[in-house]
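Let's take a walk through this one together, starting from a single residue and working outwards. Have the model open and follow along.

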Amino acid sequence: MFLGNEEKVYILDKTEGNAAQIDGHPAWGAVWDFNSHQSQLMNVLTNTFCASGMHLPNGSYATFGGNGAIGPGGNIGSVVNSAGSGAYDATYHDYDGTKSIRILNPCTSADDFTSSQCQWFDDVTVLAMQKQRWYSAAEALGDGTIALIGGFVNGGYINRNTPNTDPEYEGGAAEPTYEFYPSRGSATVMQFMITTSGLNSYAHTYLMPSGKMLIQANVSTILWDPDTNTETPLPSMPGSVARVYPASGAVAMLPLTPANNWTPTVIFCGGSDMPDEYWGNYSYPNYNTWTYPASADCQRLTPEPQDDSTPVYVQDDDMLEGRTMGQFITLPDGTLLVVNGGLNATGQTPSLDLMPFGESLASGPVGTPAIYNPNMPSGSRWSNAGLNTSNIARLYHSSAMLLPDASVLIAGSNPNIDVNVTTVFPTTYQAEIFYPPYFSAAVRPKPTGIPSTLSYGGQYFDITIPATSYSGSANDAASNTTVVLSRGGFTTHAMNMGQRHLQLNNTYTVNSDGSYVLHVAQAPPNPNILTPGPCLMFVVIHGIPSNGTMVIVGTGQVETQPYFCSQGSGTPSQSNNSSSSGSHTGVIIAAVVGAIAAIGILGALFGIFVARRRRAATHQHPAASYAMGTSTRSGFGVSGASIAMSRTGDGVRNSDSSAFVPLQQDNSSMAWNASTTNLHSPYTDDYYGRPSGAEYDPYNSDAIGRSSTGQRL
């Protein structure tokens with residue numbers, strides 16, 4: 001799931017027997033317009049199950065890999081390839097997605113959605129990865145190139161056999177290489193994927209200002225240089241807590257601000273500290289993991305400290321409860337929302353018949369969200385005061401995404417091989433919207449003058465804030481205003497690939513009519529801090545955000561991004577009244593309030609009718625230093641009828657309804673590899689820090705390919 005623009009959310013499912021049909025087969029793609037309440041099915045040819053994804057510099061999105069073709073019941077497709085995987089299925093009409101690169105150019109309501117320019121490009125005969133990748137990592141680089149790392153080749157619980165005699169390839173089931181899109185040359189083995197054999201699915205990846213990449217998997221951590229394929233070891237995860245799938249901790253980069261000089265710090269929360277031997281192998285774990293509690297532990301890591309000190313994990317406040325499959329969403333006010341997940345995880349058994357919760361890899365749903373404030377003193381960073389509890393289990397295959405109105409869409413949970421709406425944790429077509437505490441504000445900012453593009457450094461720009469956008473003194477409001485860029489990323493499996501939050505520098509001028517002008521700096525002159533591509537720009541006054549405006553950072557092309565000497569954030573001019581200033585240290589194919597509100601019922605075509613009720617919260621989060629409106633507590637609304645959505649004068653949506661077809665994902669892979677559970681010599685995750693010695697292969701723009709029409713891609 002990802003936000004395409006200010007109107008559209010794009011949703012992908014794995015191939016399965018959804019009742020919604022398109023072109024004579026079950027649909028596993030849709031686009032939902034959250035302003036008009038309309039949805040539209042989209043045709044996707046290949047199986048997107050457990051793919052990765054990332055933005056492109058021009059605002060398009062790409063998804064990578066997936067699973068082989070499957071048919072009803074998760075069985076291998078009716079046409080198999082030489083490896084025994086599904087190449088095509090005659091019932092579901094899906095093709096093998098393990099090498100797929102799918103490109104989507106987000107369109108608006110003004111566009112013709114029947115045009116191929118608004119549809120998924122999904123043709124492996126034209127555009128494909130070199131290697132099969134399932135549960136791979138994806139991370140954008142400073143020029144817009146995307147690094148694709150690791151993954152499964154065949155299905156399984158974790159990515160290893162036992163005894164683990166072949167940690168590199170696992171007999172052909174593991175993919176230890178990395179490659180780039182657009183291509184920079186042949187796929188190359190990454191030593192870290194061997195070091196972390198077993199627990200390295202959906203490795204956590206974050207580009208650093210130096211151009212190196214933080215990668216964390218199993219209990220190991222490195223800085224990786226994508227130009228030279230060299231690895232620098234960092235400390236192991238304290239307590240041996242696994243954060244990657246299937247332990248699935250909540251992981252995010254903390255806000256990048258002038259106060260921290262845009263220095264990345266990553267927070268890791270939850271997951272599982274099961275001993276290595278408990279994890280088992282491709283077949284199933286060597287322990288009844290439904291009785292093993294998830295971790296509540298949180299750790300911070302600054303991989304590139306500005307004082308050149310040695311990076312070290314720092315103990316942070318524990319979460320309010322243990323969570324596996326929890327997910328961080330960075331809010332415009334700089335706090336982090338954690339939603340979804342379970343108290344216990346993660347499991348599989350020798351036979352599906354023995355699994356107490358179907359194919360669920362977690363149990364004990366956690367329905368109460370919590371908010372983490374990184375700027376509060378240690379011991380007081382977590383709060384769930386005034387936040388209601390959802391009664392919808394959000395476990396395996398759940399997702400969440402920040403919306404342009406600063407609410408959060410929550411969807412998914414499908415721990416089933418094929419559609420199953422009657423089991424204890426069913427295929428879930430209901431979605432919810434969470435309204436953070438700032439929705440109780442009586443007034444929200446309504447800025448004007450927001451640009452459509454930003455550069456890396458260069459001339460500052462002005463944003464005007466009218467007097468109707470705040471309460472109280474103009475000088476007080478102006479001195480407590482920030483301008484932030486928020487990128488929600490591509491979300492799947494309780495993680496957001498590419499999510500970042502960056503505050504721009506600004507000064508201000510207060511005018512005699514109570515309005516004020518923000519003089520805002522461009523993005524920092526280093527594209528590694530915020531890679532080129534789409535972001536929502538929010539203006540935040542005393543913690544209350546405006547609606548977000550989509551902007552493009554950079555040139556919109558996959559290329560070395562130009563950067564300019566910073567022109568600062570302007571020099572404020574004297575107003576007629578008073579003045580104060582304050583610094584807040586073409587489609588790419590090749591290249592409410594404290595509550596979770598409404599969300600629908602399962603219709604005959606598995607549509608969703610979204611209803612939203614917004615009420616004020618009884619408590620504001622301790623992070624909030626701004627005045628809130630009169631508040632009452634918000635609950636959960638469910639409606640089976642379409643309710644017209646309107647907008648209030650301040651631009652806040654106060655009711656919400658839509659019929660759309662969200663789709664879900666699940667682990668219906670090809671046959672899982674047989675493996676013994678006799679762990680006489682379990683492979684241990686012991687990082688040796690050995691560089692591979694592979695040479696950097698420069699980006700070859702002529703190796704991209706052409707479409708069947710001869711058009712260069």
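T145 sits in the loop between strand 12 and strand 13 (146–149). Keep in mind from the start that this is a predicted model. Is T145 buried or exposed? Its relative accessible area is 0%, so T145 counts as buried. As for what surrounds T145, leave out the neighbours within four places in sequence and its contacts are E139, A140, F180, Y181, P182, R184 and V558.

Two of those contacts, F180 and Y181, take us to strand 14, which spans residues 177–181. Strand 14 is mostly covered, with five of its five residues buried. How do its two faces compare with the cover around them? Both are covered: T177, E179 and Y181 are buried on one side, and Y178 and F180 are buried on the other.

Now look at what strand 14 pairs with. Strand 13 and strand 14 run antiparallel and are joined by four bridges. One pair to pick out is A147 with F180, its bridge partner in strand 14. Strand 14 also pairs with strand 15 (residues 188–189), again in the antiparallel sense, this time over two bridges. Here T177 has V189 as its bridge partner in strand 15. The hairpin of strand 14 and strand 15 has six residues between the strands, and in it G185 takes a positive phi near 130 degrees.

Y181 turns up again when you look at the packing. The largest nonpolar core has 48 residues, and Y181 is among those with the most contacts inside it, along with Y10, F64, Y135 and I146. Which strands feed this core? Strand 2 (8–12), strand 8 (61–64), strand 11, strand 12, strand 13 and strand 38 (495–497) each supply at least two of its residues. There is also a second, separate core, this one of 44 residues, which includes M237, W262, L301 and F461. As a general point, nonpolar side chains in soluble globular proteins tend to be buried together.

Y10, from the largest core, is a handy way into the N-terminal strands. F2 has Y10 as its bridge partner in strand 2, and strand 1 and strand 2 run antiparallel with two bridges joining them. What is the order of the strands in the open sheet? It goes 1-2-5-6, four strands with antiparallel pairing. At the edges are strand 1 (2–3) and strand 6 (38–41), each of which pairs on one side only.

On to the cysteines. How many disulfides are there? The count comes to two, and with the bonded cysteines of the protein chain numbered in sequence order, the pairing is 1-2, 3-4. One disulfide joins C107 to C118, with an S to S distance of 2.1 Å. The torsion about this S-S bond of C107 and C118 is about -95 degrees, so the disulfide is left-handed. Both cysteines lie in the loop between strand 11 (101–104) and strand 12 (137–140), so the C107 and C118 pair ties together parts that are eleven residues apart in sequence. C107 and C118 are both buried.

The other disulfide runs from C269 to C298, with S to S 2.1 Å. Which way does it turn, left-handed or right-handed? The torsion about the S-S bond of C269 and C298 is about 120 degrees, so this disulfide is right-handed. C269 lies in strand 21 (residues 266–269) and C298 in strand 22 (residues 298–301), so the pair ties together parts that are 29 residues apart in sequence. With under 20% relative accessible area as the cut-off for buried, C269 at 1% counts as buried, and so does C298 at 0%. Two further cysteines to look up are C50, buried at 0% relative accessibility, and C535, buried with a relative accessible area of 1%.

Finally, a word on confidence. The mean pLDDT of the protein chain is 82, and 78% of its residues reach 70 or more. Over residues 572–713, though, the pLDDT is below 50; beyond near neighbours in sequence, this stretch has 461 contacts in the model. Where pLDDT is low, the predicted coordinates should not be read in detail.

Technical notes:
Residues numbered from 1 in each chain as written. Predicted model: local features only at pLDDT ≥ 70, side-chain atom pairs only at ≥ 80, totals over all residues. Heavy atoms only, no water. Disulfide = S-S within 2.5 Å. Buried < 20%, exposed > 50% of the residue type's maximum accessible area, 1.4 Å probe, protein only. Contact = heavy atoms within 4.5 Å. Pairing = 2+ DSSP bridges. pLDDT = per-residue confidence, 0-100. Core = buried A, V, L, I, M, F, W, Y, C linked by side-chain atoms within 4.5 Å.
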